[in-house]
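Reader: I've got a new structure open, and I'd like to learn how to read it feature by feature. Could you walk me through it?

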Amino acid sequence: MGKHSAKIHKVFRELSDKKQNNTIKKTCNYCNWTTVKNATRQLNHILKCNKCPKNIKDAFQSDSGSFQSVNDVENTDDTIENNICDEPEPTSSSNNCNTLDSWITNISTTSTPNKEFERIRDSTSSDTKCLSASSFTSTLSNISTMQTFVDKVTKDEKLKLDSMLAKAIYASGSPLSLLDNIYWKRLFEKIRPAYVLPSSYQLSNKLLDSEVNGIKCFVEKLIVGSHCLGLMCDGWSNIRNESIINFVITTPKPVFYKSLPTLTERHTGNYMAKVMIEIIEEVGPGKVFGIVTDNAANMKKAWREINNKYEHITTYGCVAHALSLLINDIISLKSFQILIKGGTAIVNNIRRRHVLHAIFNEKQKESSINKKKSLMLPVQTRWGSVVVFLNSLLANKQIIRLLNIDERCEEDIIPSVKQFINNDTFWDRIKNLHNFLKPIAYWITRIESDLPQLSIVPEIFVEIKKQYDTCIKNVSCFETEKYIIKNKIQSRKEFSVQQIHLAANVLHPKYRGNNLTADENIEAATFIHRLSTICLDIDEQKVMYDFAQYKVKEGIFSNTYVWEACVNLEPTVWWNAYCSSTELSKLASKILSLPATSAACERTFSTYKDVHSSKRNRLTNSRAGKLVYVKHNLKLKEEQEKQVNPPLAHQDYYEKLLEEFEEDSNNELQLEEIECEDNTKESDCSVISVNLENEEEQNSDIDIDSTEIDELMNMINS
């Protein structure tokens, strides 16, 4: 007869595991009667089966009677198909069986093991006429979806999970051997048994390279989409004292571009110019308009070489560095050094004696001060740390004096420290010095943000000059020292405020150069004219015409709503939104997009310190650079995707500075050396450093020479 697709086979299921001599056996879906695969036998059984529903039997019968051959069955294909497939929702036991019939028909095409069918068949009592629709349907559903109960991870899903896990490890600074830990393995096995964790080797190589490539695409997209780029770089020494230079590009949002181990190369002016020129050529020299670095001598030499090669690029120093050095200039004077050293001795004495420190914490909890402040020490490489140190002393003045009269502290407080604590003049001078330096620390914190704030630099020194005239009379120091402070402010201003800063101030719609002198306004106009002649895409005559209208508020600048809008808008947004039709807007948006400091580069070193720590000192420079590159830029990418708004201009930046130091209450002193403008090390001109190596050196730092105490008393008496 041969094999065919008779409809009778739809109401029988095949028992493939019961093949004997290559004979295929079939079982009735209703009564579990078994026979060899034979359409005639199967048809005869269905017509006589007591458990087969009547409507199914009718489908296999004609008006003239029962079928006796396979050919008769095949002639009724359409009738059977309609009766089996188009059966309505079951409402009775017979209909339920019909529904089961269609279930079994569907199951016969799946890969469900036949043993499961036999198990269901055997579990069904022989006297049961028909299983209930709900129970049997549920059972068969479980069988047909058995694969959903077996956890399986596809190749694409595996790649995606590996990428997400790797990204979480890189962004959090976790060790690459994290997943080798048995407890992490057990956790993931419990969460997703089918997921095989990547090895530490894969995290260190393939997955890391893949994430680096993804971040590179993000960085390149920002660079390509920006019309004006700024470049900043700075040097640092890692945990193994190996020299590294980090490069950051502003778009105007700063992105970490590259980390360069210098190995045997010296950081000469020629070398620094060479590596910066390579970066400029990579990103496109026509897009780079400004380079900001610290004020080291080698950087100044590199500036000259870059300016000779690229006329349109302006090189200038970091304002935050300059303000930090101004604070160091002030506190290095003799009158203030004694105050700093006395305050440092107080903090060291309390923090290094565990009993004294415990009593200090106890009294701090008992006090009525709402916001507790930890005692801080000056940190060599943290801008404004001296001001935070003075603030912590003044905030805890009452508690420190209570320690001095507590009998439990009598043995722990050093006699020289007691003299400072009991001296009212010492505290008055600490307060006056803090009030004098506080505005400088405020401007450091404000200017070091990621926002382009080139225009605010001239305003900073205007405010500092006003602060000097107001507060210097309250600061206790010699007249010669007051004269030195005044000259230092002027010298730092001359370094920090260049023509590009003046031009940015004039082009800022909020300032418009109102606080600049006549000569400074002329310098700003000169710079704008010179830059417009160099830039190929800018018409210098139209620029100067627009600049004249901008200064006198004519033409498009005569509209009142234009100037009202500048209060709540960033200057670049203001120019592009309201003045985009002017030629001057092209130049203004470029200048106002440049950074004022290299603080973003300093932040990459903070990330580097977290990644390449003492516990991970075996990381190679190449791998550490990749990890820092990914971690630092992932944060920027996340902010970009969430559209995080920048900080408001009116926020209290001084409180922000205090909070940043409060987060690190241990206040570890950093050992990195930063070059100053005279090629000396900042450690030579900074505040008192503290060595925590051994107890003998601690005591020597706490104790103050008696001549210094006498000198302080003489100053108080005078």
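Reader: Let's start with strand S7, residues 243-250: is it mostly covered or mostly open, and how many of its residues are buried?

Author: One thing before we dig in: this is a predicted model. As for strand S7, it is mostly covered, with seven of its eight residues buried.

Reader: Which strand pairs with S7 over eight bridges, and in what sense?

Author: That's strand S6, residues 229-237, and the pairing is antiparallel. To find one rung of this ladder, look at Ser237, whose bridge partner in S7 is Ser243. S6 and S7 make a hairpin with five residues between them. While you're in that turn, click on Asn241, where phi is positive at about 60 degrees.

Reader: And which strand do seven bridges join to S7?

Author: Strand S8, residues 254-261, which also runs antiparallel to S7. Here the rung to look for is Asn246, with Ser259 as its bridge partner in S8. S7 and S8 form a hairpin too, this one with three residues between them.

Reader: What should I check about the peptide bond from Thr251 to Pro252?

Author: The general idea is that most peptide bonds are trans. The bond from Thr251 to Pro252 is cis, with omega near 10 degrees. You'll find Pro252 in the loop between S7 and S8.

Reader: Okay, on to phi angles. What is the phi of Leu263, and where is that residue found?

Author: Most residues other than glycine have a negative phi. Leu263 isn't a glycine, yet its phi is positive, about 55 degrees. Leu263 is in the loop between S8 and helix H12, residues 269-283. Its side of the story on exposure is simple: Leu263 has a relative accessible area of 70%, so it counts as exposed.

Reader: What about Lys553: what is its phi, and how exposed is it?

Author: Phi of Lys553 is near 60 degrees, again a positive value in a residue other than glycine. Lys553 lies in the loop between helix H25 (540-552) and helix H26 (560-565). With 39% relative accessibility, Lys553 counts as partly exposed.

Reader: Now something I care about at the bench. How many disulfides does a search of the whole structure find?

Author: Zero. The general idea first: a disulfide is a covalent bond between the sulfur atoms of two cysteines. To call one here, the two sulfurs must be within 2.5 Å.

Reader: Why does Cys49 have no bond to the closest cysteine sulfur?

Author: Because the closest cysteine sulfur, in Cys31, is 3.7 Å from that of Cys49, which is too far for a bond. Cys49 is also buried, at 4% relative accessibility.

Reader: And which cysteine is closest to Cys228, sulfur to sulfur?

Author: That would be Cys535, but the sulfurs are 9.1 Å apart, so that's too far for a bond as well. Cys228 is buried, with a relative accessible area of 2%.

Reader: Let's go to the surface. Which residues form a nonpolar patch there?

Author: Trp184, Leu187 and Ile191 do, with about 290 Å² of accessible area together. Take Ile191: it's in helix H9, residues 182-191. Ile191 has a relative accessible area of 58%, so it counts as exposed.

Reader: Is Lys363 buried or exposed, and which residues is it in contact with?

Author: Lys363 is buried, with a relative accessible area of 15%; the cut-off for buried is under 20%. Lys363 sits in helix H16. Leaving aside neighbours within four places in sequence, Lys363 is in contact with Ile399, Leu402, Leu403, Asp406 and Arg408.

Reader: Where is Leu377, and how far is it from Leu393?

Author: Leu377 is in the loop between helix H16 (354-366) and helix H17 (385-395). Leu377 is buried, at 7% relative accessible area. Leu377 and Leu393 are 16 residues apart in sequence and 9.7 Å apart in space, C-alpha to C-alpha.

Reader: Zooming out, how many helices and strands are there in the chain?

Author: There are 34 helices and 10 strands. Of the 718 residues in the chain, 48% are buried. The chain exposes about 35,800 Å², and carbon and sulfur atoms supply 48% of that area. For contacts between residues at least 6 apart in sequence, 69% join residues at least 24 apart.

Key: Residues numbered from 1 in each chain as written. Predicted model: local features only at pLDDT ≥ 70, side-chain atom pairs only at ≥ 80, totals over all residues. Heavy atoms only, no water. Buried < 20%, exposed > 50% of the residue type's maximum accessible area, 1.4 Å probe, protein only. Helix = DSSP H or I, 4+ residues; strand = E, 2+ residues; numbered from the N terminus. Pairing = 2+ DSSP bridges. Patch = residues over 30% accessible without salt bridge, like charges linked within 9 Å, V, L, I, M, F, W, Y side chains within 5 Å. Areas by Shrake-Rupley, 256 points an atom, 1.4 Å probe, with all protein chains shown as cover. Salt bridge = Lys/Arg side-chain N within 4 Å of Asp/Glu carboxyl O. Contact = heavy atoms within 4.5 Å.
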